[in-house]
Amino acid sequence: MKFSNKISAEFKPSFYFTNFDGKGIEITSSEVILSRNELLMDLSLLKYIKLITGAEFSYAKINSNIFSNPDFYTTSGYFQAEYRGISKLIASAGLRYDFIKLDNISGNALTPKLGLSYKPSKKLI
């Protein structure tokens with residue numbers, strides 16, 4: 001959804017289902033239901049600078065004779081700035097926070113991002 005020439009937002013919901021049966025040394029069976037939702041927002045500040053921010057939530061229900069039946073949750077938020085002032089180059093820097101819970105175990109992570117992308121044409125990065 002485009003609010004103006006400088007601000008846009010997008011919601012990306014997705015749903016996955018897998019079912020696996022394996023026959024080898026052991027008979028394995030697993031089924032996973034995964035729901036993932038992401039909200040993205042772009043903001044063009046200046047001619048060459050773009051800010052990208054978003055939030056993500058995922059939930060997975062796993063039924064397996066190997067891994068038991070865990071519930072898996074993730075919640076994330078991120079922020080990234082891009083500079084496009086040099087022809088064919090995109091410089092980016094950002095930060096992402098993740099909270100992860102697998103049954104009774106939980107943890108979090110803060111990860112930085114620093115990148116340089118070469119764009120040889122309008123259709124390729």
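How many residues lie between strand 2 and strand 3 in their hairpin? Four residues separate the two strands. The legends below treat this hairpin and other details of a predicted model.

**View 1. Six strands form an open, antiparallel sheet.**
The strand order is 1-2-3-4-5-6. Strand 1 and strand 6 are the edge strands, each pairing on one side only. From one strand to the next, the twist averages 15 degrees.

**View 2. Strand 2 and strand 3 make a hairpin.**
Their pairing is antiparallel and covers 15 bridges. The turn between them holds four residues. Glu38 has Glu56 in strand 3 as its bridge partner. Both of these acidic residues also take part in salt bridges with Arg36, at 2.9 Å for Glu38 and at 3.2 Å for Glu56. Each distance is given for the closest N and O atoms.

**View 3. Arg36 forms salt bridges with Glu38 and Glu56.**
Arg36 is partly exposed, because its relative accessible area is 24%. Glu38 has a relative accessible area of 9%, so Glu38 is buried. Glu56 is buried as well, with a value of 13%. Both acidic residues fall under the 20% limit for burial. The closest N and O atoms of Arg36 and Glu56 are 3.2 Å apart. This pair links distant parts of the chain, with Arg36 in strand 2 (residues 27-44) and Glu56 in strand 3, 20 residues apart.

**View 4. Asp98 and Arg96 form a salt bridge.**
Their closest N and O atoms are 3.1 Å apart. Is Asp98 buried or exposed? Asp98 counts as buried because its relative accessibility is 15%. Arg96 is partly exposed, with a relative accessible area of 25%. Side chains of opposite charge can pair when their charged atoms come close.

**View 5. A network of salt bridges links five named residues: Arg36, Glu38, Glu56, Arg96 and Asp98.**
The network includes the pair Arg36 and Glu38. The pair Asp98 and Arg96 also belongs to the network. Across the whole structure, a search finds seven salt bridges.

**View 6. Strand 3 and strand 4 pair through 13 bridges.**
Strand 3 spans residues 49-64, strand 4 spans residues 71-83, and the two run antiparallel. Ile49 stands opposite Tyr83 in strand 4. Ala60 has Phe72 as its bridge partner in strand 4. The two strands form a hairpin with six residues between them. In this turn, Ser68 has a positive phi of about 65 degrees.

**View 7. Strand 5 and strand 6 pair over 14 bridges.**
The pairing is antiparallel. Tyr97 has Leu110 as its bridge partner in strand 6. The hairpin has two residues between the strands. Here Asp103 takes a positive phi near 55 degrees.

**View 8. Asp103 sits in the loop between strand 5 and strand 6.**
Strand 5 covers 89-102 and strand 6 covers 105-118. Why does Asp103 count as partly exposed? Asp103 counts as partly exposed because its relative accessibility is 33%. Residues up to four places away in sequence aside, Asp103 touches Asn69, Pro70 and Asp71. Asp71 falls in strand 4 (residues 71-83). The C-alpha atoms of Asp103 and Gly24 are separated by 29 Å, and the two residues are 79 residues apart along the chain.

**View 9. Met1, Phe3, Ile7 and Met41 make a nonpolar surface patch.**
The patch measures about 420 Å². Ile7 belongs to strand 1 (residues 7-23). Ile7 is partly exposed, because its relative accessible area is 32%. Strand 1 is one of the edge strands of the sheet.

Note on methods:
Residues are numbered from 1 along each chain as its sequence is written. This is a predicted model: local features need pLDDT of at least 70, side-chain atom pairs count only at pLDDT 80 or more; totals for chains, interfaces and linings use all residues. Side-chain values use heavy atoms; hydrogens and water are left out. Buried means under 20% relative accessible area, exposed over 50%, partly exposed in between (1.4 Å probe, protein chains only). Contact means heavy atoms within 4.5 Å. Patches are made of residues with over 30% relative accessible area and no salt bridge: like charges are joined within 9 Å, nonpolar side chains (Val, Leu, Ile, Met, Phe, Trp, Tyr) within 5 Å. Accessible areas come from the Shrake-Rupley method with a 1.4 Å probe; for residues, only the protein chains shown count as cover. A salt bridge is a side-chain nitrogen of Lys or Arg within 4 Å of a carboxyl oxygen of Asp or Glu. Two strands pair if DSSP finds at least two bridges between them. Axes are lines fitted to C-alpha atoms, for helices over the stretch in contact, and angles run from 0 to 180 degrees between N-to-C directions.
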